[in-house]
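Thanks for coming. I have one structure to go through today, so please have a look at it first.

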Amino acid sequence: MTLLSFTPSRHLNLNPTTTFVSIVRRPPLNPVPSSLFFCPTSPPLPLHILYRPPRPSLSLVSAPRAASSAGYLLHDAGATALVLAGAYTLVLCFDNLTKRNLLQQSLSRKLVHISSGLLFVLSWPIFRELLRGPLYYVLILILSALVFWRESPVGVISLAMMCGGDGVADIMGRRFGSIKIPYNQKKSWAGSISMFVFGFLVSLGMLYYYSILGYFNLDWMDTVQKVAFVSLVATAVESLPITEIVDDNISVPLASMAAAYFSFSL
């Protein structure tokens, strides 16, 4: 019979996490004569086993999150490389078919037009959600260039608010954003103030740069007031708790465009 008991030890220095298990093995009720084994009968000896429970490693707690972020980045980088390689291969195949006179050049161009767009749509599922913000960022850049270009200060101001204002607001908010905005605990006063100040200064700097090159002819007293108004609107929109619905890379530049268009149209 085996008896289990938990007893303190007077001879071992154990920390609080150590469990002391004492196992005593007793002889059976009808022992076999020891003469059959040619060995003397010895009294039972206690068997001491020390067991220390494993401690969770701190690095293992935060490792899954870091590994997840790194995995997303590697996944998106691999997906980007795969799509670029597929697009290049597609164009190369049609180009070779055209050179061999197997396809007419006009037909080859149309087939590239059709297949490249479908390839782009087919590639969407292989990307993670991580690329959503940068994708919106690039789309706003393209929209501002196509609609406003160098003929209007509206596009310049909207991009200055998105890049200079919103970008600096995130940096300052993470570093000094201990005091939160009452209606949005994810935003801070430090971030919003930085948004207004740097968006205002970057916008004026970009407008001054374009005016030196001769693209804009502005009344600076009036322009300062208009840019301050646009900065206030952009800051208010950036502080709203709507990030889960509309990304800042969309809401901030669109609000800046609307405010700047309204201001400079008067």
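I will go from the whole chain to the core, then to a helix pair and a few single residues.

First, this is a predicted model, so what I say about local features is restricted to residues with a pLDDT of at least 70.

The protein chain has seven helices and five strands. In sequence order the pattern is β-β-β-α-α-α-α-β-β-α-α-α. Of its 266 residues, 28% count as buried. The exposed surface of the protein chain is about 18,800 Å², and carbon and sulfur atoms supply 68% of it. As for contacts with a separation of 6 or more, 64% are between residues 24 or more positions apart.

Now the core. In soluble globular proteins, nonpolar side chains tend to be buried together. Here the largest nonpolar core has 21 residues, and the members that touch the most others are Ile 157, Met 161, Leu 207, Val 227 and Val 230. Which elements give two or more residues to this core? They are helix H4, residues 153–176, helix H5, 189–212, helix H6, 220–239, and helix H7, 248–265. H4 provides the largest share, six residues.

Take Leu 207 as an example from that list. Setting aside neighbours within four places in sequence, Leu 207 is in contact with Pro 153, Val 156, Ile 157, Phe 216, Leu 218, Trp 220, Thr 223 and Val 227. Two of these contacts, Ile 157 and Val 227, also appear among the core members that touch the most others.

Next, the helix pair. Two packed helices are described by the angle between their axes and the distance between the axes. For H4 and H5 the angle is about 145° and the axes are 7 Å apart. Their crossing is right-handed. The residues of the contact of H4 with H5 comprise 17 nonpolar, seven polar and one charged.

Not every buried residue is nonpolar, so here are two polar ones. Ser 231 lies in helix H6. Is Ser 231 buried or exposed? Ser 231 counts as buried because its relative accessibility is 0%, and the cut-off is under 20%. Beyond four places in sequence, Ser 231 is in contact with Met 161, Phe 196, Gly 199 and Phe 200. Met 161 is the residue we met in the core list.

The other one is Thr 98, in helix H1, residues 58–99. At 18% relative accessible area, Thr 98 is under the 20% limit and therefore buried. Not counting residues up to four places away in sequence, Thr 98 touches Leu 103, Gln 104, Gln 105 and Ser 108. Thr 98 and Ser 108 are ten residues apart in sequence, with 6.7 Å between their C-alpha atoms.

Last, the backbone. Most residues other than glycine have a negative phi, and most peptide bonds are trans. Which residues have a positive phi although they are not glycine? I have two to show. Asn 101 has a phi of about 65°, and its place is in the loop between H1 and helix H2, residues 105–122. Asn 101 is exposed because its relative accessible area, 69%, is over 50%. Trp 149 has a phi of about 50° and sits in the loop between helix H3, residues 132–147, and H4. Trp 149, with a relative accessible area of 47%, is partly exposed.

That is what I had; questions are welcome.

Key. Residues numbered from 1 in each chain as written. Predicted model: local features only at pLDDT ≥ 70, side-chain atom pairs only at ≥ 80, totals over all residues. Heavy atoms only, no water. Core = buried A, V, L, I, M, F, W, Y, C linked by side-chain atoms within 4.5 Å. Buried < 20%, exposed > 50% of the residue type's maximum accessible area, 1.4 Å probe, protein only. Helix = DSSP H or I, 4+ residues; strand = E, 2+ residues; numbered from the N terminus. Contact = heavy atoms within 4.5 Å. Areas by Shrake-Rupley, 256 points an atom, 1.4 Å probe, with all protein chains shown as cover. Axes fitted to C-alpha atoms, helices over the stretch in contact; angles between N-to-C directions. Left-handed = near helix turned anticlockwise from the far one by under 90°.
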